[in-house]
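I opened this notebook to record what I looked up in the structure. The entries take the overall build, the aromatic rings, the charges over rings and the cysteines in turn.

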Amino acid sequence: MREERPADPAPALAPAPLPASAPAARRAPLALVPPRAAPAAGIAARELWLAAHFARLPLEALLPQTSPARAAAVIDAGDPRRAVVCCNERAARQGIVPGMALAGALARVPGLRVEERQPAAEAALLDRLARWALQFTPMVSLEPPATVLAEVRGSLDLFGGAMALCRRGLSSLSGSGLGASLAIAPTPRAALWLARAGLGLTVTRTDALPGLAARLPLACLQWPAETVAALAELGIRNLAELLRLPRAGFAARFGPQRLDELDAGLGRRPEPRRRHLVPERFDERLALSCEAVTAAALQPALERLLANLEAFLRARACGISGMRLDLLHRARVPTRLRLALARAASDAGPLRELLRERLARCPLPASVTGLRLRSAALLPQAPRAASLLERGRSADLEATARLLDRLRARLGRQAVFGVRPVAEHRPERAWRIVEPGGGTAILWPASAPPRPLWMLAEPQPFADWDGVQISGPERIETGWWDGHDVRRDYYVAWTRAGVRLWIFRERPPGDGWFLHGVFG
Amino acid sequence: MAYAELHCLSNFTFLRGASHPEELVRRARELGYAALALTDECSLAGVVRAHAAARAAGLPLLVGSEFALADGPRLVALAASRRGYGALARFITRGRRAAAKGRYRLARADLAAGLEDCLALWLPGATPGAEEGAWLAERFPGRLWLAVELLTTGTDRARLAELLTLARSLGLPAVAAGDVHMHQRRRRALQDTLTAVRLKTTVARAGLALYPNGERVLRPLSRLAELYPPELLEATLEIAARCRFALDELRYEYPEEVVPVGTTPAAHLRRLVAEGEARRWPGGTPPAVAALIGRELALIAELGYERYFLTVHDLVAFARGRDILCQGRGSAANSAACYALGITEVDPARMNLLFERFLSRERNEPPDIDVDFEHERREEVIQYLYAKYGRARAALTATVICYRPKSAVRDVGKALGLDPAQVERLASAMQWWDGREIEDGRIREAGFELANPLIARTLALTRELQGFPRHLSQHTGGFVISRGSLEELVPIENAAMPERTVIQWDKDDLDQLGLLKVDVLGLGMLSAIRRALALLSPPRGRGLRFQDIPPEDPAVYDMICRADTVGVFQIESRAQMAMLPRLKPRCYYDLVIEVAIVRPGPIQGQMVHPYLRRRSGEEPVVYPGPEVESVLSRTLGVPIFQEQVMQLAMVAADFTPGEADQLRRAMAAWKRRGGLEPFEAKLKGRLRAKGYSQEFADRIFQQILGFGDYGFPESHAASFALLVYVSAWLKHYEPAAFCCALLNSQPMGFYAPAQLVRDARTHGVTVRGADANTSAVDSTLEDAESGAPALRLGLGLVRGLSRAGAERLVAARGEGYRTIAELARRAALPRHDLAALARAGALAGLAGHRRRAGWEVLGVEPERPLAPSPLRAEGLPLLRPPFEGADIVADYRALGLTLGRHPVALLRPALAAGGWLTALAVAGLPDGAAVRTGGIVVTRQRPGPAGGVVFVTLEDETGYVNLVIWSRIADAERRALIGARLLGVTGRMQRQGEVRHVVVDTLEDRSALLGSLQAPARDFR
């Protein structure tokens, strides 16, 4: 940096002046564009970073198979303007742009499909993309919400150069439906800029970066809107113009950290990146020495896998709440068995029992050539109950959980359930199926009219009623909102046999009576 | 058997009651009820409507209210007398004032002394506590009943037995009641929906908060007889008979203090009028006027309205004393007496036919005077009213805010569980300009299937909910002033603004009861006129007063006939401008007609074209009968004013004045509530019977429909026409002062500052930019070489600059600022104010172009009192001056206008290559010529009843092009029409004399050409 002298034209942010013939900025389409190599000269950089930017990730995280025929957009539910975060190509063609208020977007495209942004889904997708990047290098770093960085210098030879690596990256994404823009640069920050700008360039030399600045719009910095607006008011539209501002003046006005950011991009100061760690799971295959045609024949191999799993879990002091067993066949899709546990387990005992139940009920569709056991994400295992007094209760719970697991494995998941009352006037909807032991009871008003314990699944016509009405009517007229409007007068009646019945008549009175329940 | 319902909520118990008060009254009458009590929860907001409906239906109405005490029983209180009514109103006020807007809080302590002259029903809870009943019985000795409400819940019999036992043990009589929430059972769905909205949940999730059945309805007598023992039903009649109060007793409670001690109202009014006459006619009152005044005073005396006129006079006299420009309007205002009193400036000598609707002996109608004040000084007048009558006796009236399609669909949609994006989309489908009707086509266009039951339910409920009162808001200026304590007349509640209160009745309610109300309204044009006159007073001008403006100046009318009226009061709108060259106003009364004729009423009633044809002599002026001639001769046989329709009904169809008055009220309401059918039959039948043709009868009725919501009375038009003339005169003779005054009175009128300034410049006014070293906060006039004053834009136009900052800047300026840092320091301006000045180019004198100024502003250090900021040595950036286009964009952003070239001028080469004509070239095209043109969208307007036509005005560097877009094309090209800032069109020229439109065939959004240019377009609904 030159010495600062106020009278002179100021020392600029970038030492090298912009080449007179800077290539005109052309915005590449967002689809998969193979990066082009930028002119290479000078010294090679020590690191090379691949940036993959997914401009529509908030949308793609929600609608993986979004049909391009329909305009779709994602909004931020927390935003009072409900501004569009991003939209698909069709919506863009119809004039929707990110930042547009929802009301305005709907005025433009009344049939717009609108989804609310889901950060969790976005994070999960970015996580998946991190795995994709791991094919090139172990050093992968995430730049949420929508960019993946990977240090690829060491892998270039393996893939046949930067261009080839990018092409390989793009082709492995094709078919995923994701709109990606890839770039390679000597610094992670510069790679981010290039990828966000959608220029699709591979730059391998640090000294080539300033020459590209004129092609990088301010937007690729992703600075706060007010900072970008303030710069735009000064007539600054791209990085080249930005870099020509005096350093001290810039830092005083926009903050030293912004200056550092620019320096990091241009390779003038280091910017360490945090490495992305992929969560572990157990995933092992085992080929059978000879093909198995019965479940029993699978047992030895299964035992080995389960023993490995147990060791794996013990080593990490972790438990799992579920797993998947694939039975591999020759020239056939694997048979997949999924197991979910009522409580997280850290030893193979309960898994072994459950697998045996399932395999016993699962006829093999073809001979099995191998097995693959894959655990769900690892859970930190809670320490065992320490209190002596608690022990009985805890063991009780555990026993209940095991019973449930076994009943469900044997009868099917749906066959075992709990029942919970629901705040609703229509008797047939006043209860709901819940997970066994789940849900909390609601408070029915004390003065509420009586309800029978045994309800018929469907009210039955009740022709031969000769009892005596003892109370009623209780008029129930409600439920219009879901198409099951009920209009009935209910009565409690005794039969001659002394059974108390709950019967009703439709309103306005038709000719029939219906039996709906029996009091216990 | 007979029954009176004593516990009944209307939809004025917001989000509980599911029927209008009128519906309840009519249904109770149909069912043969002996009486109905309206008992909205801690509210009397619906009683006047119920009262009017009950009087029409011949049903006794009881006035009451339901309360839930915070620490105790629920009860219904019913007013037995005027005193009881006063106590009830006071009690409601107490509860409402103790809580935030829309809520109330009452506890046992508030009811410790009971409510005198009120009867009470105790509403026991699910497990009734005898203690509550005993406590209430002490408060209402001999006036408390235990209400038994049987709602078919399956436990009715047990409940009845339990309550009767309880009543016996407490020695209380029991009475039947219905807890009525709706007039018909089919409102059940709506009632559930309201419950969900109230609880901010969905109907499906509301669960047991919903009522299990629809029994809270006005039930047939036969059914009640099955449910209740006869003595409980008879008790309802006993209570109804003891409630002897009717709202009619509240009539005409006018204030006393406007009359000095020792004189009578009549004598005092007579004296004030005589003083006024001496002022108005220094040479003596003309005999005709004197006779008129005599007749008016006699009528006022006969009807006992002196104190009303004295009250208004007092208000106007106060404003005059403070130099606040004001003007009264309305039927009573345009009287010779009011002219003498200074309430209006409409000279009876110039308007000899106007007073027929002044006041009528037979019509049971209180006088009606609205007074317009300068909009920025209206608050002073309001404070005067409060000071003079006290907060206990003067209050703002309420405006009942009702559900409109958009708000209704939002609430219904949410209650039915539509997701927020769907609700938003449905709402936006109803937004298309005028949202009165819910059009199926729009719903379908928004991607909804009408056959989908959920959508069908949503729409059906939305239609039902539309027009339901939603909350009470503050009227813009309707004041009620009472003789005694206001809170014994009508409950008062907290408004949204702190320290503001509002009564529970709106203007129509007060009108119905004949209470004194004065509209203290704000009118921007009065502010602008006063400002223009002030600019013209010494030293710059000659010291003009409103009254001194020379009347009937032909040069002013020439300008009006050319439709050169940007900024002129009322006649500046697109539709008015189109009318001016056809109507060619040449005198004051022509302006009165001009103001009234371009209204939806006359347009819908198809009165405009006949009037124009008759005026231009293309059609003979004929009358279907002599009575009609007497009414319509001043408008060439075409009814234009609301008064004329009333008079026609009286003279041609023999309506009594009372009937005509009912017709007027029905007219105003039919769009919302219907109810004109009886009048249609009566009117047409009588016209036919008197020998008028069926065609004439049909046309008159059509015209009545047209007047509906939009009818414009001659008495208002007369006052407005004066302001039209005065503002036109100012525009013609003092364009710089006029534009300056308009800029300083913004927001007002149809045009944004950009159009006003452009118009002033085309009229030769020199306009100078906003500048930190010369501009004041307001725009000002400066001397210029030409002799005519130049207009200097004020700092107030700078967007984003705080008012306080601008004021500090001007106050601290002294000899002027030399640098931005000095300005920042001396005026103590925060960074965002400085940035606003830089963006507006107002720092050009200190720092050069706006980018340099922007850089410097960003570098200004915030003041640190202890450590003076050191001079920092830093380099100067190389910032290019902005291009012309960018400069213009920045001007629009920062000021809303540019003094540079018109943005379209910059695009002209590209547009000309595309074959676009300039506005100037379009103006010269012959009728029927094909047109291709375009420009910046200045206004978009879809007048309600104009058959769906959209009017758009485009602006380019040479002038304006007016577009007519038929609804077929507007709907097909909706996106371009709503979204475009730069609009290109093709179409055909249509010209009739001076009136020119382009009837559009195709339109395209060319906004992309503007880049980021943001020209302000104003959408009118």
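**Entry 1. Overall build of chain B.** I note at the outset that this is a predicted model. I counted the secondary structure of chain B and found 43 helices and 23 strands. I then asked how the radius of gyration of chain B stands against that of a compact globule. For 1021 residues such a globule would have a radius near 31 Å, and chain B, with 33 Å, agrees with this. Along the principal axes, the C-alpha atoms of chain B fill a box of roughly 95 × 80 × 65 Å.

I looked up burial next: 59% of the 1021 residues of chain B count as buried. The accessible surface of chain B is about 39,200 Å², and carbon and sulfur atoms contribute 53% of it. Among contacts in chain B with a separation of 6 or more, 72% are between residues 24 or more positions apart.

**Entry 2. Aromatic pairs.** I searched the whole structure for aromatic pairs and obtained 23 over all chains. One of them joins A:Trp132 and A:Phe136 edge-to-face, with 5.6 Å between the centres and 85 degrees between the planes. Both A:Trp132 and A:Phe136 are buried.

I also examined B:Tyr557 and B:Tyr725, which form a tilted pair at 5.7 Å centre to centre, with 35 degrees between the planes. Which parts of the chain does this pair link? B:Tyr557 belongs to helix H21 (residues 554-561) of chain B and B:Tyr725 to helix H31 (residues 714-733) of chain B, so that distant parts of the chain, 168 residues apart, are linked. Both tyrosines, B:Tyr557 and B:Tyr725, are buried.

In chain A, I traced a cluster in which ring pairs link A:Tyr490, A:Trp502, A:Phe504 and A:Phe514.

**Entry 3. Charges over rings.** I found the charged end of A:Arg253 over the ring of B:Trp855, 3.9 Å from the ring centre. Within chain B, B:Lys682 lies over the face of B:Phe655, at 5.6 Å from the centre of that ring.

**Entry 4. Cysteines.** How many disulfides does the structure hold? I found 0 over all chains. I checked B:Cys42 individually: the nearest cysteine sulfur, that of B:Cys118, is 13 Å away. A disulfide requires sulfur atoms within 2.5 Å, and B:Cys42 is in no disulfide.

Is B:Cys42 buried or exposed? B:Cys42 has a relative accessible area of 0% and is therefore buried. A:Cys290, by contrast, is exposed, with a relative accessible area of 55%.

Conventions. Residues numbered from 1 in each chain as written. Chains lettered and ligands numbered in written order. Predicted model: local features only at pLDDT ≥ 70, side-chain atom pairs only at ≥ 80, totals over all residues. Heavy atoms only, no water. Phe/Tyr/Trp six-rings, centres within 6.5 Å; stacked < 30°, edge-to-face > 60°. Buried < 20%, exposed > 50% of the residue type's maximum accessible area, 1.4 Å probe, protein only. Helix = DSSP H or I, 4+ residues; strand = E, 2+ residues; numbered from the N terminus. Lys NZ or Arg CZ within 6 Å of the ring centre and 35° of its normal. Rg over C-alpha atoms; globule rule 2.2 N^0.38 Å. Contact = heavy atoms within 4.5 Å. Areas by Shrake-Rupley, 256 points an atom, 1.4 Å probe, with all protein chains shown as cover.
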